[in-house]
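Hi there,

Here is the structure I promised to pass on. Have a look at it first, and my notes on one of its interfaces follow below.

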4 protein chains.
Amino acid sequence: MNSIMTKAMVRRCRRFCSNLRQCRIPNKKLASPPITDEPFLLALSSKQKEQPVAAMGCPNEGCGYMAVTDQAAVWYLHPIRVRYQETDQMGIVFHGNYVTWFEIGRTELVRQLGMPYVQIEREGLLLPVVDLECKYVSPARYDDIVLICTTIEQFSPVRLSFRSEVRRIRQGEEYPAEWRGQRPPGELLVQGGTSHVWVNKEFRPSRLDKSLPELYALLKRVSKGNI
Amino acid sequence: MNSIMTKAMVRRCRRFCSNLRQCRIPNKKLASPPITDEPFLLALSSKQKEQPVAAMGCPNEGCGYMAVTDQAAVWYLHPIRVRYQETDQMGIVFHGNYVTWFEIGRTELVRQLGMPYVQIEREGLLLPVVDLECKYVSPARYDDIVLICTTIEQFSPVRLSFRSEVRRIRQGEEYPAEWRGQRPPGELLVQGGTSHVWVNKEFRPSRLDKSLPELYALLKRVSKGNI
Amino acid sequence: MNSIMTKAMVRRCRRFCSNLRQCRIPNKKLASPPITDEPFLLALSSKQKEQPVAAMGCPNEGCGYMAVTDQAAVWYLHPIRVRYQETDQMGIVFHGNYVTWFEIGRTELVRQLGMPYVQIEREGLLLPVVDLECKYVSPARYDDIVLICTTIEQFSPVRLSFRSEVRRIRQGEEYPAEWRGQRPPGELLVQGGTSHVWVNKEFRPSRLDKSLPELYALLKRVSKGNI
Amino acid sequence: MNSIMTKAMVRRCRRFCSNLRQCRIPNKKLASPPITDEPFLLALSSKQKEQPVAAMGCPNEGCGYMAVTDQAAVWYLHPIRVRYQETDQMGIVFHGNYVTWFEIGRTELVRQLGMPYVQIEREGLLLPVVDLECKYVSPARYDDIVLICTTIEQFSPVRLSFRSEVRRIRQGEEYPAEWRGQRPPGELLVQGGTSHVWVNKEFRPSRLDKSLPELYALLKRVSKGNI
């Protein structure tokens with residue numbers, strides 16, 4: 001069994017989980033199997049080995065941390081048209097609107113997974129944002145068609161994070177809702193991401209694997225690339 | 001007793017109440033006292049007569065309709081600074097933002113009355129908009145200081161309507177939160193109004209005089225000009 | 001020649017044009033042909049007579065006022081998905097957002113006419129809103145699919161007004177971008193309209209028939225129902 | 001002369017300037033004076049030494065990079081009231097609105113410096129956002145009073161970055177527009193920051209020390225804490 005975890009990944013896993021003290025990998029356990037800085041492999045069947053490795057999970061039982069590798073990330077694409085209201089007097093889209101667009105991308109991603117966010121809220125779960133970052137490369141303008149591209153970056157039973165890109169495409173260009181590959185199509189305008197925690201209606205943290213196991217199973221399946 | 005009601009006012013009252021069939025003034029009753037087109041007077045004490053007539057109520061028992069006369073309207077003033085986000089690529093404020101500003105004006109008005117809107121919602125009441133109108137005279141621009149001016153136009157136990165104006169003032173100008181007079185200060189940019197109905201959390205109509213009588217009493221008091 | 005104009009229409013035309021004193025139909029001229037309250041007919045070729053009358057124009061030379069009749073209005077339909085950002089704490093769409101949606105509808109209408117609004121602005125023309133009204137029948141909610149329905153109501157060389165409706169449709173329902181008929185499909189949520197004036201970059205009024213005659217011709221053609 | 005620069009600071013300076021290749025400190029020059037990880041001191045007069053060190057500048061001639069130290073940062077405070085429109089159906093402020101609030105804070109900061117942002121734009125300069133980050137600690141709610149706290153973090157002639165915090169205060173609490181101290185008052189809700197570049201109307205980079213030297217001088221003065 002070749003479950004290898006890099007130091008960087010352990011660090012990331014701990015940071016991601018730290019608030020809730022779930023991930024307590026004893027340092028001894030980490031010593032062997034050898035920790036390398038190479039991408040690591042989960043124990044895979046021979047059939048799976050032919051496919052790109054889609055996800056890396058923390059070997060600690062019960063942690064549930066999973067990171068989606070770049071090679072196999074599925075980008076969910078959703079085109080929108082820039083609204084007049086979204087421009088500002090610089091003649092470009094006001095920078096805060098990309099945050100709204102990221103949200104649209106996430107909504108469409110979970111719809112594609114098979115469980116619309118309205119239904120998630122109906123089950124009593126909320127997914128507030130705890131962290132946001134955004135790099136502005138080039139401005140979108142009124143009436144542009146932009147593709148909101150969203151992918152799951154990492155998750156555990158208590159947290160979930162997305163990467164998002166906004167890319168300009170041309171009138172008439174059409175793309176499938178799911179895109180496998182390093183980079184989604186179009187001209188990069190903005191890239192960023194958001195982190196979230198699962199909470200109940202009283203804003204108390206809620207473990208997704210217990211409160212909505214169907215969705216947790218969907219996340220695991222899609223992060224392994226076999227939806 | 002000189003309770004005179006104009007035809008125009010009866011028409012307005014009926015329209016305002018019609019959805020809920022509360023105002024059924026028999027035509028006979030309207031015939032006397034004589035219906036004129038002059039402003040009408042409620043039965044007033046001699047002390048009150050010296051003050052401008054502030055409100056006209058429907059003489060029909062239980063209707064509760066009350067219109068605030070122009071002469072005695074109290075305008076509630078609230079200054080705000082125009083945000084960059086509120087501009088659009090025309091270089092002026094996007095026209096939809098005045099609707100948000102009207103809402104701010106109403107929030108400040110009910111706070112001044114003595115019952116913040118957060119408290120009203122905590123009591124289980126909502127006040128959704130059912131009608132909106134807006135005339136755009138001159139555009140507001142980034143960093144302008146505008147005065148949101150709001151007054152109660154008319155109300156009944158089930159409905160409430162406001163008139164709103166947005167007026168530009170200059171840096172350093174200060175005005176009291178309550179303004180009595182025909183026209184609030186500053187340069188008129190936009191004028192309009194909104195109508196609302198009182199509903200409960202399930203969006204069912206709710207009679208304010210029963211669900212929150214303190215607030216209904218406040219409205220009556222202020223519309224008579226003696227807050 | 002049976003160019004009949006109703007009194008109501010003359011009133012409307014005058015109100016619409018009054019700011020710019022273009023429509024000065026002498027009362028004498030209005031007396032004959034007889035002014036009735038029936039819908040009136042422009043002088044039509046026999047071929048046109050078989051089609052529904054799409055527009056009523058002011059007979060005054062140079063006025064250019066044209067109203068689109070209800071029978072033959074073309075509604076331009078554009079579906080959008082309600083965004084999370086557009087909701088408020090009442091759990092419904094904040095009422096100001098319909099104003100943004102109306103704008104989207106107008107953008108899509110002029111694109112359908114054949115001249116995208118970006119191009120109009122590139123030609124140096126702006127179309128600010130001078131009047132807005134909005135009736136709220138039923139609230140839209142997060143993730144609803146709503147159809148923004150827009151039609152040209154009336155126009156002259158200096159003004160243009162639209163009627164707008166927001167209607168809820170169900171997932172999977174599809175409609176053509178142009179809809180001929182009294183009522184567009186779906187459940188009515190909000191209806192209203194906006195009036196606009198053509199201005200140049202300095203916000204001075206600009207006669208569309210002179211500054212951008214191609215667009216003016218398009219408006220005339222479409223309002224007669226033969227696009 | 002005790003101009004000591006830490007390795008971390010050199011790294012930051014290079015990253016901040018790298019796009020425009022202004023900061024080319026030869027490694028030799030950095031070797032002496034000794035690079036430590038302690039805060040460093042500019043060559044200061046004895047009078048200045050009694051004051052907290054407010055800014056650290058890159059010793060490279062012409063680089064102009066300056067970082068404001070935590071000890072002496074001036075926070076500019078600006079209270080606002082949360083609008084109904086800013087809430088979403090979670091019952092809290094939609095996370096994208098903090099981005100708009102950060103912008104308000106920056107507007108008020110430059111106004112306090114003595115050059116309103118409207119005037120900066122009138123001079124032909126724009127300051128678009130190139131980077132944004134935001135950590136959400138606790139949600140703001142409708143009608144809360146929040147203090148937008150903004151401070152200059154670092155700048156060079158071509159770039160400028162701010163740190164921003166949103167803090168909840170109570171009705172009636174009042175604070176001066178300028179706050180010196182580690183932490184501004186109130187309960188921390190959100191913290192983050194934005195980076196910007198100076199560009200002209202054509203979105204070409206513009207050196208502030210040449211295009212608007214008065215403002216550049218203001219920035220230098222305030223970052224040394226002696227406004």
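**Where chain A meets chain D**

In this predicted model, the contact draws 23 residues from chain A and 23 residues from chain D. The size of an interface is often given as the accessible area lost when the parts come together. Here the area buried between chain A and chain D is about 2,100 Å², and carbon and sulfur atoms give 63% of that area.

On the polar side, I find 8 residue pairs in polar contact between the two chains, counting pairs with both residues at pLDDT 80 or more. Which elements of chain A each supply at least two residues to the side that touches chain D? They are α4 (97-113) and β5 (129-136). Of the side of chain A that touches chain D, β5(A) gives the most, with 8 residues. By class, that side of chain A has 12 nonpolar, 4 polar and 7 charged residues.

The strand β5(A) is also worth following across to the other chain. It is joined by 5 bridges to strand β5 (residues 129-136) of chain D, and the two strands run antiparallel. Within that pairing, A:Lys135 has D:Asp131 as its bridge partner in β5(D).

Charged side chains meet across the interface too: the count between chain A and chain D is 2 salt bridges. For a salt bridge to look at, try D:Lys135 and A:Asp131, whose side chains meet at 3.1 Å, N to O.

Happy browsing, and do write back with any thoughts.

Best wishes

Methods
Residues are numbered from 1 along each chain as its sequence is written. Chains are lettered from A and ligands numbered from 1 in the order in which they are written. This is a predicted model: local features need pLDDT of at least 70, side-chain atom pairs count only at pLDDT 80 or more; totals for chains, interfaces and linings use all residues. Side-chain values use heavy atoms; hydrogens and water are left out. Contact means heavy atoms within 4.5 Å. Buried area is the accessible area (1.4 Å probe) that two parts lose on being put together, summed over both. A salt bridge is a side-chain nitrogen of Lys or Arg within 4 Å of a carboxyl oxygen of Asp or Glu. A polar contact is a pair of N or O atoms within 3.5 Å; within protein, one must be able to donate a hydrogen and the other to accept it, and residues adjacent in sequence count only if both atoms are side-chain atoms. Helices (H or I, at least four residues) and strands (E, at least two) are DSSP runs, numbered from the N terminus. Ala, Val, Leu, Ile, Met, Phe, Trp, Tyr, Cys and Pro count as nonpolar, Asp, Glu, Lys and Arg as charged, and the others, Gly among them, as polar. Two strands pair if DSSP finds at least two bridges between them.
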